[in-house]
Amino acid sequence: MMTIRDFLTCQKGAAAAEMALIAPLAVLLLFTAMESGHYFYSQHQLVKAVRDGARFGARHSFDEVNCRNGSPFIAADLQNNIRAVALTGHLSGANETRSGWDSNEVSFAVTVTCPTVIEATSGIYETDEPAPIINVAATIGYDSLFNGLGIISDNYSLNANQQASAMGI
């Protein structure tokens, strides 16, 4: 027969009890780390896409994108090409999108602004018209790995913006 003293000093099953206390926290930490990594990877992909689109648009002539007479202008086919580069990574606008993206879920906005500061009309841009700035913005819904099981749920959306001065090449 076991006495109270023997019962209080018994070490049998201590490891199993400690594991039962720690396991839920360890699993939560694991899922949180995986979900956070996926979130940051998805955000990086979106930032890279808008950066590629803005960089592509900045390398076009001032006939396609300009600020003549103080009003911004961008050719419609250039806007479509910028969207294609941002969405697929290719100018051809192939049907393949970036990994995990559905072309119906991503919204791109391509606009041009005309700067008013003196730096926009000096240096390499020393002309009568200021160098236009191409703005590319994108929004996509975040697709959670575990559908809200971790910290981040499917209700989040990822946003990215990028600007690039047109070079008139």
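# A walk from A164 through the sheet

Start by selecting A164: at a relative accessible area of 15%, this residue is buried, because anything under 20% counts as buried. Keep in mind as you click around that this is a predicted model.

**Stop 1: around A164**

A164 sits in strand β5. Which residues is A164 in contact with, leaving aside its neighbours within four places in sequence? Show A54, A58, P132, I133 and I134, and you have them. Now pick out I134 and draw a C-alpha to C-alpha distance to A164: you should get 5.3 Å, although 30 residues separate the two in sequence.

**Stop 2: zoom out to the whole chain**

Switch to a cartoon view. You'll find three helices and five strands in the protein chain, and going along the sequence they come as α-α-β-β-α-β-β-β. The chain has 169 residues, and buried ones make up 30% of them. Contacts that reach far along the chain are well represented: of those between residues at least 6 apart in sequence, 64% join residues at least 24 apart. If you turn on the surface, you're looking at about 10700 Å² exposed by the protein chain, with carbon and sulfur atoms supplying 58% of it.

**Stop 3: the three-stranded sheet**

Now colour β3, β4 and β5. They make an open sheet in the order β3-β4-β5, and the pairing is antiparallel. Which strands stand at the edges? Those are β3 (106–113) and β5 (157–165); each has a single partner strand, so one side of each is left without a neighbour in the sheet. Look along the sheet and you can see it twist, by an average of 15° from one strand to the next.

Next, zoom in on the pairing of β3 with β4 (residues 133–141), which run antiparallel and are joined by eight bridges. Three spots are handy for finding your way along these two strands. T113 stands opposite I133, T111 is across from N135, and V110 has V136 as its bridge partner.

Stay on V136 and look towards β5: there, the bridge partner of V136 is Q162. That pair belongs to the β4 and β5 pairing, which is antiparallel too and runs over nine bridges.

**Stop 4: the two faces of β3**

Select β3 alone and show its side chains. Which residues of β3 are on the covered face, and which on the uncovered one? V106, F108, V110 and V112 make up the covered face, while S107, A109, T111 and T113 make up the uncovered one. Why do the two sets interleave? In a regular strand, side chains alternate between the two faces of the sheet.

**Stop 5: helices on the sheet**

Bring the helices back. Helix α3 (residues 76–88) packs on the sheet and touches β3 and β4, with its direction at about 135° to that of β3. Helix α2 (residues 14–58) packs on the sheet as well, touching β3, β4 and β5, and its direction makes about 25° with that of β5.

While you're on α2, select R55 and D52. They form a salt bridge, with the closest N and O atoms 3.5 Å apart, and one salt bridge is what the structure holds. Both residues lie in α2, three residues apart, or about one turn of the helix. R55 counts as partly exposed, because its relative accessibility is 38%.

**Stop 6: C114, in a loop**

Go to C114, which lies in the loop between β3 and β4. Is C114 buried or partly exposed? Its relative accessibility is 22%, so C114 counts as partly exposed. Not counting residues up to four places away in sequence, C114 touches C67, G70, S71 and P72. Try a C-alpha to C-alpha line from C114 to A131 as well: they are 17 residues apart in sequence and 7.1 Å apart in space.

**Last stop: a nonpolar patch**

Finish by going back to the surface view and selecting M2, I4, F7 and L8. Together they form a nonpolar patch on the surface, with about 510 Å² of accessible area. L8 lies in helix α1 (residues 4–9). With 64% relative accessibility, L8 counts as exposed, because the cut-off for exposed is over 50%.

Definitions and conventions: Residues are numbered from 1 along each chain as its sequence is written. This is a predicted model: local features need pLDDT of at least 70, side-chain atom pairs count only at pLDDT 80 or more; totals for chains, interfaces and linings use all residues. Side-chain values use heavy atoms; hydrogens and water are left out. Patches are made of residues with over 30% relative accessible area and no salt bridge: like charges are joined within 9 Å, nonpolar side chains (Val, Leu, Ile, Met, Phe, Trp, Tyr) within 5 Å. Accessible areas come from the Shrake-Rupley method with a 1.4 Å probe; for residues, only the protein chains shown count as cover. A salt bridge is a side-chain nitrogen of Lys or Arg within 4 Å of a carboxyl oxygen of Asp or Glu. Helices (H or I, at least four residues) and strands (E, at least two) are DSSP runs, numbered from the N terminus. Buried means under 20% relative accessible area, exposed over 50%, partly exposed in between (1.4 Å probe, protein chains only). Two strands pair if DSSP finds at least two bridges between them. Axes are lines fitted to C-alpha atoms, for helices over the stretch in contact, and angles run from 0 to 180 degrees between N-to-C directions. Contact means heavy atoms within 4.5 Å.
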